[in-house]
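Dear colleague,

Please find below the structure that I am handing over to you. My account of what was found in it follows directly after.

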Amino acid sequence: MPKNSKVVKRELDDEVIESVKDLLSNEDSSDDAFKKSELMVDDQEEKDADVEEGSDVEDERPAWNSKLQYILAQVGFSVGLGNVWRFPYLCQKNGGGAYLVPYLILLLIIGIPLFFLELAVGQRIRRGSIGVWNYISPKLGGIGFASCVVCFFVALYYNVIIGWSLFYFSQSFQHPLPWDQCPLVKNASHTFVEPECEKSSATTYYWYREALNISSSLSESGGLNWKMTVCLLAAWVMVCLAMIKGIQSSGKIMYFSSLFPYVVLLCFLIRGLLLNGSVDGIRHMFTPKLEIMLEPKVWREAATQVFFALGLGFGGVIAFSSYNKRDNNCHFDAVLVSFINFFTSVLATLVVFAVLGFKANIINEKCVIQNSEKILKLLKMGNLSQDMIPHHINFSSITAEDYNLVYDIIQKVKEEEFDSLGLKSCQIEDELNKAVQGTGLAFIAFTEAMTHFPASPFWSVMFFLMLVNLGLGSMFGTIEGIITPIVDTFKVRKEILTVICCLVAFFIGLIFVQRSGNYFVTMFDDYSATLPLLIVVILENVAVIRIYGIDKFMEDLKDMLGFSPSQYYYYMWKYVSPFVLSCLLIASVVQMGLSPPGYNAWIEDTATEEFHSYPTWAMIVCISLMVLAILPVPIVFVVRRCNLIDDSSGSLASVSYKRGRIIKEPVNLEGDNTSLIHGKSPSEVPSPNFGKNIYRKQTGSPTLDTAPNGRYGIGYLMADMPDMPESDL
């Protein structure tokens, strides 16, 4: 028996050894198959690489060629036309320097923290805006769709402004510039200056009449402006060609489009400071009017500009950062890009206000001359006594200070009869407060400046080329905020989607190149993005901090950055930013309800702007813009909550993400969709049965199978787990 026992034991040992060998050989063959399938899974979690959904096996997710290219892309997206035509306009509208204070405060409270949040989320998850919020919770996937809708609305009218810049650029190759002087009108008997131009100015007339050929109301279409239609088509062709290959094509253009505007702005600032009266304009800019700072409207518009300036809620920031390496220092990027944007806005505003001061000085001089002539007539007619006039006053060469002295004396002596004299107070501050408003600020202010520059056509070409570059940089990020999430989600070819998107946008954008098109630009600017952006950013903050978990998010940041971010961001994200954003949302809704919606119409007879209320149909359009922009959020939530879409369809929303792993959810999944993010450790989860459900072929497979959700298993272990307990999901 002992001998036989030894024999049996040896046979058992041999079987065990054979089994171990089989296991090892199977494992080796599996590893070979794994290598042949060109899948790579890194043991180090922080180096887990995601790739673009729907891409070919051998194609990884596109990446930036260098850190500089990425920074320039983010700067180009954030520093755009708004820094030239919107930020200075808001400064002028809201009391000059008083606007800078709330803007800087909101930049530190909500701008930089939320910009950092979007950069980190995009870099961590490496998806577009739709995929990012599906990662957090499929029920919140509508946030990404809402961002795409807002991007599309903004792109529609934003590219129109690039078209305006192209028109002025094309008209700059002539001397003298066409907006240098008012045109002359000839009739049978004599020649005279165009009345509309004489009542305003040469640059104002050229903008409203020659460029826009604007109608007198929103309801008066006036037909298409063919010149602007051609310019809009050219603008969309440029965007399409630059974006058709994604960041591979647009990234290279950033080196010129992001740096060239700074050279031009600095040159304009130096030249502008040499203009007479420019110091008055800059002083007006830096003089804060504290009473205006208390108005909710100022803070609301400052917050809106922060969103527009940094691109918060658009999805472009997330899309750009999704092409980064996971260990990139996105905190440094957030602070750097935010302050570059702020100082660029201040630089552009300095240039604009220097020009506004120069224009105000010229208008003020004309006012002094005209009213001095009135005083001389009143003296000759005996309506005024010569004893009122100080002896040192010489009306043939009177200064603004001397005129204001005479004006004050006459006002005190002739207090009861003063209004009938028809004298006006000629104050530079009054002219600065009446400076041109709206989207035409840059075109009117800068075109005025360039007429006084030596070699003015050269400066005009450089300036409008700068505007085109600024606009294209922002358009790249805006279109990327549309293209990247859709490509990631629906696996369509980027080239085809880009062409279709640009064609559709061009045809819809024809409403902006009618004679009444400028009024539609104002409507879209006011209603298509302001409230929806606030809601989107609030939901983003809540999704990351409440649903994903701020502690988990801080751990992810430490893992990516290699250091723990400041607790400042912890308190901003958790308490301050949501509170401030909620207050701004309420203030915006209240302000919108109290003030009747309307627009400033250009009246040809008086050559002035006149406020008009929106007609009923326009109000319906305004409301529809806001509803359509935010509608995807509740729709996706209800669809996911009620399981109205069969998860077996393999949509992106039916996938839960976990670092190093993608797991298909059961059809009737209930409970918290983010539990995988906060889920149990692998040791606590039942081991899956791979079997036939593994999404890659074994040894000898010539091709790679795709997972049911339509993406390849690159960088992930992908397994179907229908039997996993619901509590583990």
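To begin with a single residue: does Cys-642 count as buried, partly exposed or exposed? Cys-642 counts as partly exposed, because its relative accessibility is 48%. Cys-622, by contrast, counts as buried, because its relative accessibility is 1%. Please bear in mind throughout that this is a predicted model.

Overall composition

The chain contains 26 helices and 7 strands. It has 729 residues, of which 55% count as buried. Its exposed area is about 31900 Å², and carbon and sulfur atoms supply 61% of that area. If one takes the contacts between residues at least 6 apart in sequence, 79% of them join residues at least 24 apart.

Nonpolar cores

In soluble globular proteins, nonpolar side chains tend to be buried together. Here, the largest nonpolar core has 183 residues, and Trp-236 and Trp-573 are those with the most contacts inside it. Helix H6, residues 142–170, gives the most to this core, namely 18 residues. A second core, separate from that one, has 19 residues, including Met-388, Tyr-403, Val-406 and Phe-418.

The surroundings of Trp-573 may merit inspection in your viewer. Leaving aside residues up to four places away in sequence, Trp-573 touches Pro-113, Leu-114, Phe-116 and Leu-117, among others. Its further partners include Asn-541, Ile-545, Ile-550, Phe-553, Met-554, Leu-557 and Pro-578.

The disulfide

A search of the whole structure finds 1 disulfide. It is formed by Cys-182 and Cys-197, whose sulfur atoms are 1.9 Å apart. The link of Cys-182 and Cys-197 is left-handed, with -80° about the S-S bond. Cys-182 lies in the loop between H6 and E1, and Cys-197 lies in helix H7 (residues 195–199), so the pair ties together parts that are 15 residues apart in sequence. Cys-182 counts as partly exposed, at 24% relative accessibility, whereas Cys-197 counts as buried, at 1%.

Backbone geometry

Most residues other than glycine have a negative phi, and most peptide bonds are trans. The following places depart from that pattern.

- The peptide bond from His-175 to Pro-176 is cis, its omega being near 0°. Pro-176 is located in the loop between H6 and strand E1 (184–186).
- Arg-126, although not a glycine, has a positive phi of about 60°. Arg-126 sits in the loop between helix H4 (100–125) and helix H5 (129–136), and it counts as buried because its relative accessibility is 9%.
- Ala-607 likewise has a positive phi, near 55°, in a residue other than glycine. Ala-607 is found in the loop between strand E3 (598–603) and strand E4 (608–613), and it counts as buried because its relative accessibility is 6%.

Salt bridges

The whole structure holds 8 salt bridges. Those described here are selected examples.

Lys-67 forms a salt bridge with Asp-333, and their closest N and O atoms are 3.2 Å apart. Since Lys-67 lies in helix H2 (residues 67–78) and Asp-333 in helix H15 (residues 330–381), the pair ties together parts that are 266 residues apart in sequence. Lys-67 is partly exposed, with a relative accessible area of 35%, while Asp-333 counts as buried, at 1% relative accessibility.

Glu-480 forms a salt bridge with Lys-494, with 4.0 Å between the closest N and O atoms. Glu-480 lies in helix H20 (residues 456–490) and Lys-494 in helix H21 (residues 494–508), so this pair ties together parts that are 14 residues apart in sequence. Both Glu-480 and Lys-494 are buried. In addition, Arg-124, Lys-552 and Asp-556 are joined into one network by salt bridges that share partners.

Helix H11

What does helix H11 contribute to this picture? Asp-280 and Arg-283 form a salt bridge whose closest N and O atoms are 2.9 Å apart. Both lie in helix H11, 3 residues apart, which is about one turn of the helix. Arg-283 counts as partly exposed, at 47% relative accessibility. The buried residues in H11 (residues 278–286) are Ser-278, Gly-281, Ile-282, His-284 and Met-285. They cover an arc of only 155° around the axis, and therefore lie on the same side of H11.

With kind regards

Methods:
Residues are numbered from 1 along each chain as its sequence is written. This is a predicted model: local features need pLDDT of at least 70, side-chain atom pairs count only at pLDDT 80 or more; totals for chains, interfaces and linings use all residues. Side-chain values use heavy atoms; hydrogens and water are left out. A nonpolar core is a set of buried Ala, Val, Leu, Ile, Met, Phe, Trp, Tyr and Cys residues joined through side-chain atoms within 4.5 Å. Buried means under 20% relative accessible area, exposed over 50%, partly exposed in between (1.4 Å probe, protein chains only). Helices (H or I, at least four residues) and strands (E, at least two) are DSSP runs, numbered from the N terminus. Contact means heavy atoms within 4.5 Å. A disulfide is a pair of cysteine sulfur atoms within 2.5 Å. Accessible areas come from the Shrake-Rupley method with a 1.4 Å probe; for residues, only the protein chains shown count as cover. The arc is that of the directions from the helix axis to the C-beta atoms. A salt bridge is a side-chain nitrogen of Lys or Arg within 4 Å of a carboxyl oxygen of Asp or Glu.
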